[in-house]
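Visitor: Please show me the structure. I have a few questions about it.

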Amino acid sequence: MTVPSTDDTATPAGRRRNLLRWLVPMGFLGLTGWLVWRELEGFDLTQVQRTLIAVPTLPAAGIAVFALLAVAVTGLVDLRIARWLGIDLRRGELLRLALIANALANTVSLSGAMGAGVRFMGLTGRGVDVPRAASLIGMQALALPLGLSVLVGFGLVSGMLPLMPGTATRWLALAVLVAASLYLPLYFVLTRQRRVMRWLPPAQTLPGLRLRLELSALSLLDWLLAASTLYICLQVSGAAVTPAELLLAFAGASVLGLVSLVPGGLGVFDGLLLLALGQAGHDQAAVVSGLFLFRLSYYLLPLFVGLYLGSGLLVDRLPQLTRLRDRLAGHPLYGLLQLPASLLADLGIRLLAIFTFAAGTLLLASAAIPALHERLRAAGAYLSLLTLESSYWLSVVTGVLLLGLARGIDGRVRVAYRLTQFVLALSALLALAKGLHYGEALFLLGVALLLRSRKSAFSQRAMHLGSFTTAGWIAGLAAVVIVFFAVGVAAVLGDDSFDLFYVGFGEHSSRLARGLVAAALGVAIYLIWQSFAVRRPVPALPPRAELEEARELYRRHGGGEFGHMTFMGDKSLFWAGDRHAVVAYGTIRDRLVALGSPCGSEAAVSRAILDFRRFADSQDRVPVFYEVLEPELSRFHDHGFDLFKLGELATIRLDEFSLSGKRWEDLRQAVNRSTKENLRFELREPPFDTALLADVERVSDTWLADKGGSEKGYSLGRFDPAYLEWGPLALVFHDERLVAFANVLPPYGRNGTASVDLMRHVPDAPRSSMDFLFARVMQWAQEQKFERFSLGMAPLSNVGANPYARINERLASLAFRYGNSRYNYQGIRRYKEKFRPDWTGSYLAYPRGVWVPGLLVDVAALVAGGYRRLLKG
């Protein structure tokens with residue numbers, strides 16, 4: 001029932017149209033509100049409550065079903081146009097898409113763009129070419145008002161069309177209605193003009209008389225079904241409206257509601273109908289109740305159904321939109337894709353969360369509204385007072401719990417899903433036991449069934465309790481509970497005979513006061529449950545046996561550049577692919593930061609990336625891979641990661657290593673000086689005796705004191721006897737005194753890379769000590785037939801070096817050029833460059849949308865051992 005149109009605000013004319021789209025709705029709402037306010041005197045809101053509560057459950061359910069069918073019938077227009085255009089889609093799929101589009105268009109109109117956008121995404125996502133998809137949208141927009149034009153024309157001819165009070169407003173309304181009645185003949189004339197229908201595909205014939213008559217009949221059926229829904233709602237509410245007077249009032253109000261540009265005509269349509277039927281002598285409370293039921297059944301219920309269906313129907317098609325953009329460029333309907341294309345992507349679960357929250361709100365509302373307590377007196381004939389009182393009290397507790405559990409449903413937390421199912425079932429029983437509220441019980445069970453249909457979606461094990469999303473849901477819970485408290489306190493203050501412990505069928509104030517205690521208890525129970533049940537687990541550090549298992553896997557398949565760092569014991573291990581791959585990761589804030597790529601068999605590595613991402617998602621954490629090397633980048637790109645260049649890793653081929661030639665001049669000189677300086681090199685294999693470890697610790701402590709630093713971790717080695725026991729130690733003695741050491745990182749698997757990690761020396765060590773150690777370790781690695789030796793990374797080297805680099809990388813390049821006062825970036829690069837190594841880019845892989853500078857600070861804190869140590873320097 002909404003006509004789609006495009007919007008272009010890039011030009012002055014477009015901006016004027018956009019301004020009118022705000023001014024016209026506000027003007028109509030203001031005028032209608034003034035008329036309604038003037039006409040309604042002595043309006044009884046309490047009577048409206050009583051009327052709504054008195055609506056029987058089964059008729060209300062029947063109205064809901066009838067309204068859904070009425071909205072679904074609108075899809076017959078799409079079906080007929082699709083057959084005329086030769087669109088080869090299954091009938092059920094096309095009708096389902098039309099239901100989603102129409103439900104959204106009726107309520108979230110956006111000048112018709114919402115329905116058109118959903119149709120466009122759905123049709124093009126299913127292979128329908130752009131011209132035919134656009135033609136279906138255009139023809140559907142032209143056809144929908146035809147039935148309304150018929151009804152308005154009939155009302156004008158019969159002279160029975162109710163008009164608005166006041167001379168000026170009456171003539172304005174009459175002019176609009178006359179224009180609406182002329183739409184039908186204009187449609188039949190203009191649709192036969194090729195210049196008017198030039199937006200149709202060139203090979204497509206103009207619509208024939210039979211097609212136009214069929215579309216007119218389908219449109220008339222659509223509007224008659226909508227009017228019938230309203231008629232039933234009014235009859236159930238006690239407004240004895242005749243079909244003729246309702247149909248004519250409905251037609252007039254619908255036209256003015258459409259012209260108002262207010263989504264769904266909300267306020268304008270309802271106000272005009274209330275005026276028309278009120279002037280006809282019908283009870284205002286009954287009419288308002290009927291209009292409220294109509295809005296719920298014909299607008300809100302189909303909207304929820306459409307969003308729920310749309311989340312499953314369109315989400316799997318959204319990735320195709322990227323490929324469609326090139327095809328859509330330049331087409332008039334392309335602007336529709338500026339709508340949030342991901343609107344329906346996750347609304348299925350979000351709606352379930354809203355339904356859960358609504359269930360909690362309903363339970364508290366039924367406990368607070370005085371009119372509902374009249375049901376207790378009637379239920380007293382069937383249930384004991386103890387059953388009624390305890391059920392009422394417990395329903396308040398479960399209502400508050402459902403308000404809170406909605407956050408867990410929104411976060412797809414499995415433990416929240418299980419508890420919500422139990423609480424909904426219990427609440428349905430309580431709804432019956434506290435006053436035979438059948439409708440309330442059916443709604444609660446319906447929400448439980450909807451949750452059950454999406455059981456597989458609840459895979460999360462935890463969620464972030466400090467996020468803005470959590471704060472929003474908690475704020476909603478607090479708002480509903482505060483309103484409940486406000487209603488309860490008002491009831492208690494107005495009752496002179498209030499007694500908290502007095503029980504009776506008619507003691508509303510006392511019962512509500514006890515409900516306030518129940519609400520406070522419910523809030524406390526939920527907060528305690530949330531603090532323990534959905535808190536992210538603290539990853540366990542691996543025991544010795546698990547580290548041994550990881551080393552065996554490294555030996556079989558390779559440990560990458562950082563496999564040996566696993567044995568520091570400060571990183572957790574995530575096993576994937578039936579334990580054929582492992583990821584070593586650290587935890588900082590809500591980040592899971594893996595060091596390097598997963599290690600394992602070739603077939604298991606890609607799966608390990610995906611499994612690790614899912615593992616992080618299940619805890620509502622951000623998966624990050626730190627220092628991923630160039631050969632592995634395609635794996636991360638394929639799994640949706642963005643990349644930030646951290647620097648370049650320098651490696652040399654050991655078959656090219658020699659102490660002769662200019663390339664190795666510094667190392668050769670260091671080896672030559674070592675004899676004069678009485679230096680001696682040893683390489684010791686574990687296990688190490690206590691005396692040696694004591695000497696190594698002395699050198700390490702002296703080096704740290706001289707540098708004014710502290711031990712690091714994660715990607716940087718630290719002095720820890722347990723860690724040093726996993727590999728050889730390279731030692732340099734001056735005479736018999738240990739003056740320098742480094743722990744050697746052996747390669748693992750084929751094509752492994754040897755390196756050194758912890759390189760420390762005393763301040764008075766001979767000048768050539770470290771170069772001498774470095775040369776001897778490389779000679780040892782060459783003798784072991786290792787293929788490569790790593791010189792380590794040059795941070796920020798070749799990062800953001802060209803004008804087309806990403807903004808974050810270009811900013812990082814400034815640090816490389818001008819940050820030498822804090823860290824000698826360029827000096828590190830120059831030192832390693834003289835060995836003419838092979839340079840391999842090293843990257844940070846992170847999910848799209850994460851702020852990179854924040855990630856880098858988190859990694860720095862992880863290396864430092866936490867934010868407190870990072871800030872201390």
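Guide: Take care at the outset: this is a predicted model. We can start just past helix α24, where Asp620 follows with a positive phi, near 55 degrees.

Visitor: At which residue does α24 bend?

Guide: Helix α24 covers residues 602-618, 17 residues in total. Its end-to-end C-alpha reach is 25 Å, close to the expected 24 Å. There is still a bend of about 25 degrees, and the residue is one of the buried ones of α24. The bend sits at Ala608.

Visitor: How many residues of strand β5 are buried?

Guide: Strand β5 spans residues 622-629 and is mostly covered. Buried here means under 20% relative accessible area. The count for β5 is eight of eight.

Visitor: Which strand runs antiparallel to β5?

Guide: Strand β3 (residues 591-595) is joined to β5 by five bridges, and the two run parallel. In that pairing, Arg591 stands opposite Val622. Another strand is joined to β5 by four bridges, with Leu629 opposite Ser842. That antiparallel partner, residues 838-847, is β12.

Visitor: Which helix gives the most to the nonpolar patch?

Guide: The surface patch consists of Val178, Leu182, Leu186, Val189, Leu190 and Val196, with about 470 Å² of accessible area together. Three of its residues come from one helix, residues 183-190. That helix is α10.

Visitor: Is Val196 buried or partly exposed?

Guide: Val196 lies in the loop between α10 and α11. Its relative accessible area is 33%. Buried would need under 20%, and exposed over 50%. Val196 therefore counts as partly exposed.

Terms used:
Residues numbered from 1 in each chain as written. Predicted model: local features only at pLDDT ≥ 70, side-chain atom pairs only at ≥ 80, totals over all residues. Heavy atoms only, no water. Expected span 1.5 Å × (residues − 1). Bend = angle between axes of the 7 residues up to and from the residue. Buried < 20%, exposed > 50% of the residue type's maximum accessible area, 1.4 Å probe, protein only. Pairing = 2+ DSSP bridges. Patch = residues over 30% accessible without salt bridge, like charges linked within 9 Å, V, L, I, M, F, W, Y side chains within 5 Å. Areas by Shrake-Rupley, 256 points an atom, 1.4 Å probe, with all protein chains shown as cover. Salt bridge = Lys/Arg side-chain N within 4 Å of Asp/Glu carboxyl O.
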